[in-house]
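Dear colleague,

Please find below the structure that I am handing over to you. My findings follow directly after it, and I would be grateful if you read them with the structure open.

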Amino acid sequence: MATVPQINPETARVLIVDDEPDVRDTLRDYLSAHGYEVLEAGLGDATRAALAQALPDVVLLDVGLPGEDGL
């Protein structure tokens with residue numbers, strides 16, 4: 001069985017992609033309080049800009065983005 005890499009919250013970067021600011025705010029507040037570095041994007045263009053800036057360790061992605069398929 002393959003080993004799943006562990007993510008260290010002290011150094012992990014999470015990108016939250018959601019068009020609803022309240023959802024992003026809630027997730028950002030929770031993850032930041034637990035030591036994660038959090039990047040945020042509301043739509044596809046902002047997501048691509050965030051990815052060009054720094055690669056995250058994990059992406060929390062709303063697949064139902066308006067105007068663009070989250071997948």
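Strands β1 and β2 run parallel and are joined by 5 bridges. Within this pairing, I16 has E40 as its bridge partner in β2. Strand β1 is mostly covered, since 4 of its 5 residues are buried. Please bear in mind throughout that this is a predicted model.

The overall arrangement may help you to place these strands. The secondary structure of the protein consists of 2 helices and 3 strands, and along the sequence these follow the pattern β-α-β-α-β. The C-alpha trace spans about 35 × 30 × 25 Å along its principal axes. Of the 71 residues in the protein, 27% are buried. If one takes the contacts between residues at least 6 apart in sequence, 62% of them join residues at least 24 apart.

Helix α2

Helix α2 comprises residues 44-53, and its buried residues are G44, T47 and A50. Seen down the axis of α2, these buried residues fall within an arc of 120 degrees, so they line one face of the helix. What do the buried residues of α2 pack against? They pack against β1 and also against β2, the strand formed by residues 37-41. The face of α2 turned away from the buried side carries the exposed residues D45, A52 and Q53.

The salt bridges

The count of salt bridges comes to 7. Several of the residues involved belong to one group: R24, D25, R28, D29 and E40 are linked in a network of salt bridges. I describe three pairs from it below.

R24 forms a salt bridge with E40, with 3.5 Å between the closest N and O atoms. This pair links distant parts of the chain, as R24 is in helix α1 and E40 is in strand β2, 16 residues apart. Is R24 buried or exposed? Residues under 20% relative accessible area are taken as buried, and R24, at 15% relative accessibility, therefore counts as buried. Its partner E40 is partly exposed, with a relative accessible area of 31%.

R28 also forms a salt bridge with E40, and here the closest N and O atoms are 3.0 Å apart. Again the pair links distant parts of the chain: R28 lies in helix α1 and E40 in strand β2, 12 residues apart. R28 forms a further salt bridge with D29, the closest N and O atoms being 3.2 Å apart. R28 is partly exposed, with a relative accessible area of 26%, and D29 likewise counts as partly exposed, at 46% relative accessibility.

The surroundings of R24 connect this network to the strands described above. Leaving aside neighbours within four places in sequence, R24 is in contact with I16, D18, D19, E40, A41 and G42. Among these, I16 is the residue whose bridge partner in β2 is E40.

The residue D18

One of the contacts of R24 deserves a separate paragraph. D18 lies in the loop between β1, which covers residues 13-17, and α1, which covers residues 21-33. Which side chain of opposite charge is nearest to D18, and how far away is it? It is that of R24, at 5.6 Å. A salt bridge requires a side-chain nitrogen of Lys or Arg within 4 Å of a carboxyl oxygen of Asp or Glu, and D18, although buried, has no salt bridge.

The side chain of D18 does have a polar atom 2.8 Å from the backbone nitrogen of E20. Not counting residues up to four places away in sequence, D18 touches V23, R24, A41, G42, D62 and L65. A41 and G42 are also in contact with R24.

In summary, I would suggest beginning with three places in the structure. The first is the parallel pair of β1 and β2, against which the buried residues of α2 pack. The second is the network of salt bridges that links R24, D25, R28, D29 and E40. The third is D18, which is buried yet has no salt bridge.

With kind regards

Technical notes: Residues are numbered from 1 along each chain as its sequence is written. This is a predicted model: local features need pLDDT of at least 70, side-chain atom pairs count only at pLDDT 80 or more; totals for chains, interfaces and linings use all residues. Side-chain values use heavy atoms; hydrogens and water are left out. Buried means under 20% relative accessible area, exposed over 50%, partly exposed in between (1.4 Å probe, protein chains only). Lys and Arg count as positive and Asp and Glu as negative; His and the chain ends are not counted. A polar contact is a pair of N or O atoms within 3.5 Å; within protein, one must be able to donate a hydrogen and the other to accept it, and residues adjacent in sequence count only if both atoms are side-chain atoms. Contact means heavy atoms within 4.5 Å. The arc is that of the directions from the helix axis to the C-beta atoms. Two strands pair if DSSP finds at least two bridges between them.
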